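This report goes through selected local features of one structure. The sequence and the model are shown first.

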Amino acid sequence: MKNVYKDSMKWTSHSEAETARLAARMATNLMPGDMLCLHGALGVGKSVFARALIRALAGNPALEVPSPTFTLVQTYDTAKGPLWHFDLYRLQAPEEIYELGWEDAMAEAIILIEWPQRIQSLLPPERLDIHLSETSGGGRLLQLDLIGSKKDMSL
Amino acid sequence: MIVLGIETSCDETAAAVIRDDRTVMSNLVLSQLEEHRAFGGVVPEVAARAHLDHLDTLIKGAMDDAGIGFGDLNGVAATCGPGLIGGVMVGMMAAKAIAAARHLPFIAINHLEAHALTPRLTDDLDFPYLLLLVSGGHTQILVAENVSVYRHWGGTVDDALGECFDKSAKLMGLPYPGGPHLEQTAAQCRNPQAACTRFELPRPMKGRPEMDFSFSGLKTAVRAHVDKLPPGDLRRDDVADLACSFQEAICDVLQDRLSRALAKFKAAYQTGRPALVLAGGVAANLRIRAALTSLAQDNGFRLVAPPVKLCSDNAAMIAWAGIEHLRLGHTHALNVAARPRWPLAEMSETTNAPGR
């Protein structure tokens with residue numbers, strides 16, 4: 001795999017462990033103010049990716065990372081600063097995001113969002129979109145698109 | 001002793017009045033009120049504003065139903081965590097305001113502890129007992145040793161069980177709320193054994209020595225089966241078979257994980273007839289109740305499952321937890337903060353008892 005990509009790349013994972021390794025590697029480049037949006041159908045592996053990324057950032061491979069579906073957001077303290085893990089599956093109107101401390105999160109945290117399409121109109125212009133889908137062989141295709149940023153994506 | 005309880009930590013807005021002789025004087029849950037049925041229920045109430053809109057009416061209703069005034073209360077209890085912080089704050093502030101205005105003791109309740117103490121309200125159960133708490137947001141195996149003293153023996157490393165039910169139901173094309181619909185659909189399966197062979201599903205964590213759960217992979221496996229079915233609307237028979245196989249996989253995993261907890265409990269605690277308590281919204285599932293009843297019987301335990309109305313989120317359990325604490329002289333200052341995260345194990349001060 002090449003080291004540096006411009007603003008878009010595709011990556012195929014053949015196992016959960018491989019997806020988790022990619023997530024952990026991406027974690028090393030994240031800083032507060034960065035936003036990762038995870039797109040994909042139910043059961044395609046968004047949470048697997050999120051869990052691995054959070055554990056890598058927290059430096060604790062056994063960290064309990066409960067699904068935020070029910071509480072909509074879970075927050076973590078990491079060496080790089082706070083991380084907010086949103087799951088907007090249950091959101092009914094985009095404006096409801098403000099009830100969840102959205103502005104605080106935007107100001108100080110690394111943000112990881114599952115089901116970001118629920119707040120499409122409120123997503124910031126700079127972010128990394130990750131689309132997960134299943135391949136014919138049962139693996140996972142990860143399509144990474146860097147939106148609005150001048151930076152290169154390095155992995 | 002009479003306590004008013006308020007619950008706003010997740011989707012339900014609720015208020016209840018309980019007396020210390022275990023009488024439920026009133027117990028109101030917003031989504032169960034007639035006038036809200038007309039609008040098809042009020043789920044999910046993501047916004048704190050929704051709690052705010054209804055809480056006053058519910059508190060007044062609960063007091064009226066109980067036939068008492070604020071002067072008759074001995075304390076006010078409210079959920080202060082864990083949960084969605086905006087919602088928690090609405091209920092907590094309402095309770096604090098009443099307590100301040102009426103010079104009443106305020107009791108800050110942990111939502112999970114309230115679930116854990118419910119069998120003492122419904123069945124007058126003595127400590128210690130083993131508890132499986134399974135809801136949309138929680139999946140835990142706990143030992144209740146005393147008020148404030150809980151051992152966390154196992155929990156989910158990813159999705160909660162109720163969430164796994166809801167999401168799998170959605171994958172099967174079933175309407176919301178998924179859990180009850182999935183159960184009804186599974187009941188229509190004609191040959192459960194054949195269904196489990198046809199739609200083979202994994203048993204995550206089965207056989208592992210610790211008592212943790214994992215449900216995320218099960219959801220993914222359901223998805224793989226659905227994707228293999230002919231495109232378009234799924235056939236009823238197919239969905240019934242898949243739902244049945246799913247439910248059997250869940251029961252299998254619960255039995256495996258709990259059998260370890262039952263053995264550990266018997267080794268660690270000496271009680272006459274030990275009790276296994278089933279609590280949380282998923283406790284409404286009859287197939288799971290049946291599976292755990294037989295597991296409990298085979299191991300010399302009795303299964304205690306509070307009625308569904310007191311298993312799912314409600315304020316009666318909050319008021320009851322308030323009574324349990326008030327009886328022990330536990331009250332809280334009005335500057336106590338809401339806590340989005342509040343593990344039960346953190347309530348306990350003892351660390352050298354059995355378990356973790």
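Where in chain B does B:P82 lie? B:P82 is in the loop between β4 (75-81) and α3 of chain B. The model is predicted, and the features below are read from its coordinates.

## Cis peptide bonds

Most peptide bonds are trans. The bond from B:G81 to B:P82 is cis, with omega near -15°. This places a cis bond at B:P82, in the loop that runs between β4 and α3.

A cis peptide bond also joins B:F127 and B:P128, and its omega is about -10°. B:P128 belongs to the loop between α4 (111-122) and β6 (129-134) of chain B. B:F127, on the other side of that bond, is buried, and its ring takes part in a pair described below.

## Positive phi angles

Most residues other than glycine have a negative phi. A:W115 is not a glycine, yet has a positive phi of about 60°. The residue sits in the loop between β6 (110-114) and β7 (127-134) of chain A. A:W115 is counted as buried because its relative accessibility is 11%, below the limit of 20%.

B:R22 likewise is not a glycine and has a positive phi, here about 75°. Its place is the loop between β2 (14-19) and β3 (23-29) of chain B. With a relative accessibility of 31%, B:R22 counts as partly exposed, since that class runs between the buried limit of 20% and the exposed limit of 50%.

## Aromatic pairs

A pair of aromatic rings is described by the distance of the centres and the angle of the planes. The count over all chains is nine aromatic pairs. One of them is B:F127 with B:Y129: the ring centres are 5.7 Å apart and the planes meet at 5°, so the pair is stacked. Planes under 30 degrees apart are what the term requires. Both B:F127 and B:Y129 are buried.

B:F213 and B:F215 form a stacked pair as well, with 5.7 Å from centre to centre and 20° between the planes. B:F213 is buried, at a relative accessible area of 0%. B:F215 also counts as buried because its relative accessibility is 0%.

## An aromatic cluster and charges over rings

Which residues of chain B form one aromatic cluster? The members are B:W153, B:F265, B:Y269 and B:F301. The ring of B:W153 also has a charge over it: the charged end of B:K264 sits 4.4 Å from the ring centre.

A charge over a ring also links the two chains. B:K167 lies over the face of A:Y89, at 5.3 Å from the ring centre.

## A polar contact in a loop

B:T156 is found in the loop between β8 (149-155) and α5 (161-171) of chain B. Its side chain reaches the backbone nitrogen of B:D158 at 3.1 Å. Is B:T156 buried or exposed? The relative accessible area is 10%, so B:T156 is buried.

## A nonpolar surface patch

B:I85, B:M89 and B:M93 make up a nonpolar patch on the surface, and together they have about 260 Å² of accessible area. B:M93 is located in helix α3 (residues 85-102) of chain B. B:M93 counts as partly exposed, because its relative accessibility is 48%. Helix α3 is also the element that follows the loop holding B:P82.

How values were computed
Residues numbered from 1 in each chain as written. Chains lettered and ligands numbered in written order. Predicted model: local features only at pLDDT ≥ 70, side-chain atom pairs only at ≥ 80, totals over all residues. Heavy atoms only, no water. Patch = residues over 30% accessible without salt bridge, like charges linked within 9 Å, V, L, I, M, F, W, Y side chains within 5 Å. Areas by Shrake-Rupley, 256 points an atom, 1.4 Å probe, with all protein chains shown as cover. Salt bridge = Lys/Arg side-chain N within 4 Å of Asp/Glu carboxyl O. Helix = DSSP H or I, 4+ residues; strand = E, 2+ residues; numbered from the N terminus. Buried < 20%, exposed > 50% of the residue type's maximum accessible area, 1.4 Å probe, protein only. Phe/Tyr/Trp six-rings, centres within 6.5 Å; stacked < 30°, edge-to-face > 60°. Lys NZ or Arg CZ within 6 Å of the ring centre and 35° of its normal. Polar contact = N/O pair within 3.5 Å; in protein donor to acceptor, adjacent residues only side chain to side chain.
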